[in-house]
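Welcome to a short set of exercises with worked solutions. Have the viewer ready, try each task on your own, and then compare your steps with ours.

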Amino acid sequence: MGKMRSRRIRKQMGAWQHGCAPRPAVSLHAAPWDLGANGPAMRAGLVLEDRGEVNAETGRRVNPNKVYGARRVDMLEVWHRRGVISTAGFTAAEKLRDAFEGTQRGPGWPENDRVQSSPKPDHAVTIQVDRISRYAKLAAYVTREDWPIVEACVLDGRTPAAIRGFRGKGYQTGLVALHDALDRMACAMGS
């Protein structure tokens, strides 16, 4: 009979207990791989920077509130800063990439606020043809031999390791090939 009494469920101080101390609340820990918007995939290519003002007298950035911001840096900018690619090659690569990204966008808004006439699909087609022809003109400056490295590094945003011959120990050779390809493209553009 004593065992029955100790096993009996009773209510004490607002909580049901089995004759022992109250149990802690159950908490589920987040999965170790689920980092949400702060995961490594979202942080790839982000650079944290001070968001302060530049002092006119000293020329240094002053950030008394410790406000930081993040911006996404592409590999072309990193390679240019490190001296892997030249300024002319970097400029030519940006022009080609901007023209390529222009072909991926929609037609855009009209230049004025008032609608002059009903929208016609011919205008959207004309805009898209102009964007594609601009890209085709710039892509014509890339030679057939340089196209795989330019496509991988400039248009797709990957590294030379994406190409079979430049993996592993050949990575530095791939960076040299990218430098030479972008310089040839810049020379053909006349910049």
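**Exercise 1. Follow one side chain in a helix.** Find the residue whose side chain has a polar atom 2.5 Å from the backbone oxygen of Phe 100, and describe its surroundings.

*Solution.*
- Step 1: The backbone oxygen of Phe 100 lies 2.5 Å from a polar atom in the side chain of Thr 103. A polar contact here is a pair of N or O atoms within 3.5 Å; within protein, one must be able to donate a hydrogen and the other to accept it, and residues adjacent in sequence count only if both atoms are side-chain atoms.
- Step 2: Thr 103 sits in helix α4. Helices (H or I, at least four residues) and strands (E, at least two) are DSSP runs, numbered from the N terminus.
- Step 3: Thr 103 counts as buried because its relative accessibility is 15%. The classes are buried under 20% relative accessible area, exposed over 50% and partly exposed in between (1.4 Å probe, protein chains only).
- Step 4: Not counting residues up to four places away in sequence, Thr 103 touches Gln 128, Arg 131, Ile 132 and Tyr 135. Contact means heavy atoms within 4.5 Å.

A note on conventions: this is a predicted model, in which local features need pLDDT of at least 70 and side-chain atom pairs count only at pLDDT 80 or more, while totals for chains, interfaces and linings use all residues. Residues are numbered from 1 along each chain as its sequence is written, and side-chain values use heavy atoms, with hydrogens and water left out.

**Exercise 2. Judge the confidence.** Which element of the protein has the lowest mean pLDDT, and which the highest?

*Solution.*
- Step 1: pLDDT is the predictor's confidence in each residue, from 0 to 100. The protein averages 79, and 73% of the residues score at least 70.
- Step 2: Helix α1 (residues 2-7) has the lowest mean among the elements, 48, and α7 has the highest, 95.
- Step 3: Over residues 4-8 the pLDDT is below 50, and this stretch has three contacts in the model beyond near neighbours in sequence.

**Exercise 3. Lay out the fold.** How many helices and strands does the protein have, and in what order do they run?

*Solution.*
- Step 1: There are seven helices and six strands.
- Step 2: Starting at the N terminus, the order is α-β-β-α-β-β-β-β-α-α-α-α-α.
- Step 3: Of the 191 residues, 22% are buried.
- Step 4: Among contacts between residues at least 6 apart in sequence, 51% join residues at least 24 apart.

**Exercise 4. Map the core.** Which elements give two or more residues to the largest nonpolar core?

*Solution.*
- Step 1: A nonpolar core is a set of buried Ala, Val, Leu, Ile, Met, Phe, Trp, Tyr and Cys residues joined through side-chain atoms within 4.5 Å.
- Step 2: The largest one has 27 residues, and Leu 76, Leu 96, Ile 149, Val 150, Val 154 and Leu 182 touch the most other members.
- Step 3: The elements are α3 (75-82), α4 (87-104), α5 (121-139), α6 (147-155) and α7 (171-189). The largest share, seven residues, is from α7.
- Step 4: Look at Val 150 in helix α6. Val 150 is buried, because its relative accessibility is 0%. Beyond its neighbours within four places in sequence, Val 150 contacts Leu 96, Val 142, Leu 155, Ala 181 and Leu 182.

**Exercise 5. Read one helix face.** Which residues of α3 are buried, and which helices do they pack against?

*Solution.*
- Step 1: Leu 76, Val 78 and Trp 79 are buried in α3. Seen down the helix axis, the buried residues fall within an arc of 160° (taken from the directions from the axis to the C-beta atoms), so they line one face of α3.
- Step 2: These buried residues pack against α4, α6 and α7.
- Step 3: Just after α3, Gly 83 takes a positive phi of about 85°.

**Exercise 6. Buried or exposed?** Classify Asp 146 and Lys 66.

*Solution.*
- Step 1: Asp 146, in the loop between α5 and α6, is buried because its relative accessibility is 7%.
- Step 2: The side chain of Asp 146 makes a polar contact with the side chain of Arg 184 (2.8 Å).
- Step 3: Lys 66, in the loop between β5 (61-62) and β6 (68-72), is exposed, with a relative accessible area of 57%.
- Step 4: Phi of Lys 66 is near 55°, a positive value in a residue other than glycine.
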